[in-house]
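Hello,

Here is the structure I promised to pass on to you. Please have a look at it first, and then read my notes below.

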Amino acid sequence: MNCSLPDRVLLSCVMHGQRDRLFLQPLWDFVTAKEPLIKSPFFPVLFSFTVYMAFCLPYIALDFLSTRLPNLSKYKIQPQNYPTLGMMVPCIIQSAYHHVVLIFPVTFLHWYWRPTNLPVIAPELPEVLLEVGVCLFLFDFEYFLWHLLHHKVPWLYKTFHKVHHKHVSTFALTTQYSSVWELLSLGFFAAINPVLLGCHPLTEMIFFLVNIWLSVEDHSGYDLPWSTHRLVPFGLYGGAPHHDLHHLKFKSNYAPYFTHWDKVFGTFTETHSN
């Protein structure tokens, strides 16, 4: 069969699209095989808490090991400050309490009013990468504005944000150590962006995974060789050193991930070394 050049280009685009879908289709088939669980009102809270604790565990182990192994302690941003078990346990209890008492009722109402729809076809890989990136940029901007406002207005800081600054030296479990208002605000930002963009459910789940991981890494208190800020060039991403300095000095580095908003608004401070 003879095809004109435009036809061949169109056929090539279709084949590339099919290849991108096939790349994620096995993963999506695995997810949809658990459809009763995915559609359960209990899934969002179980997913959130399980993923959060799973991402915290490596850093918890690192906190205990690096006090005994000098080769690990050199990666600690504030090596003079290590969390104790007595500091970790209240963070875990508060996070579990918030997930059960606050997050579950909200996700239950969402499940009741907007039931989850699982399409048969997986999204294309470029679409997933683009939309996850856009969701991260949107969340970064929303959190920057929220964070800046809650530091500039004393009443907002004392009433809602101060609890998150209890620990000047952060560790992984301080990620969600926050007030009810802060937890719900940031949870709303994370949830609404994929909805506004009309993301595929798989894209939404991947965004949540990436967002939780980056948040935990930000609060980990470690500057590791494979940390995200070392992988992103030109200083565009702040990472753990950037956010650790915010907890140490309070009045700079308000953006959670990227550095451009702090640079634009004049609130950027260079990260400190050990």
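Below is what I found, starting with the whole protein and ending with one helix.

Please keep in mind that this is a predicted model. The protein has 12 helices and zero strands, so you will see α after α when you read along the sequence. Its C-alpha trace spans about 70 × 45 × 40 Å along the principal axes.

Of the 274 residues, 44% count as buried. The accessible surface comes to about 14700 Å², and carbon and sulfur atoms account for 72% of that. If you take the contacts between residues at least 6 apart in sequence, 73% of them join residues at least 24 apart. As for charges, there are 17 positive and 18 negative ones, and their mean positions lie 8 Å apart.

Now to helix H8, which covers residues 180-197. Its 18 residues should span 26 Å at 1.5 Å a residue, and the end C-alpha atoms are indeed 26 Å apart, so the two values agree.

Which residues of H8 are buried? They are Glu182, Leu183, Ser185, Leu186, Phe189, Ala190, Asn193 and Pro194. It helps to recall that an α-helix has 3.6 residues a turn, so residues three or four places apart point the same way. The buried residues of H8 pack against four partners: helix H5 (85-113), helix H6 (125-152), helix H7 (154-161) and helix H9 (201-219).

Just after H8 comes Gly198, which has a positive phi, near 65°.

Enjoy exploring it!

Best wishes

Note on methods
Residues numbered from 1 in each chain as written. Predicted model: local features only at pLDDT ≥ 70, side-chain atom pairs only at ≥ 80, totals over all residues. Heavy atoms only, no water. Helix = DSSP H or I, 4+ residues; strand = E, 2+ residues; numbered from the N terminus. Expected span 1.5 Å × (residues − 1). Buried < 20%, exposed > 50% of the residue type's maximum accessible area, 1.4 Å probe, protein only. Contact = heavy atoms within 4.5 Å. Areas by Shrake-Rupley, 256 points an atom, 1.4 Å probe, with all protein chains shown as cover. Lys, Arg positive; Asp, Glu negative; His and termini not counted. Charge placed at Lys NZ, Arg CZ, Asp CG, Glu CD.
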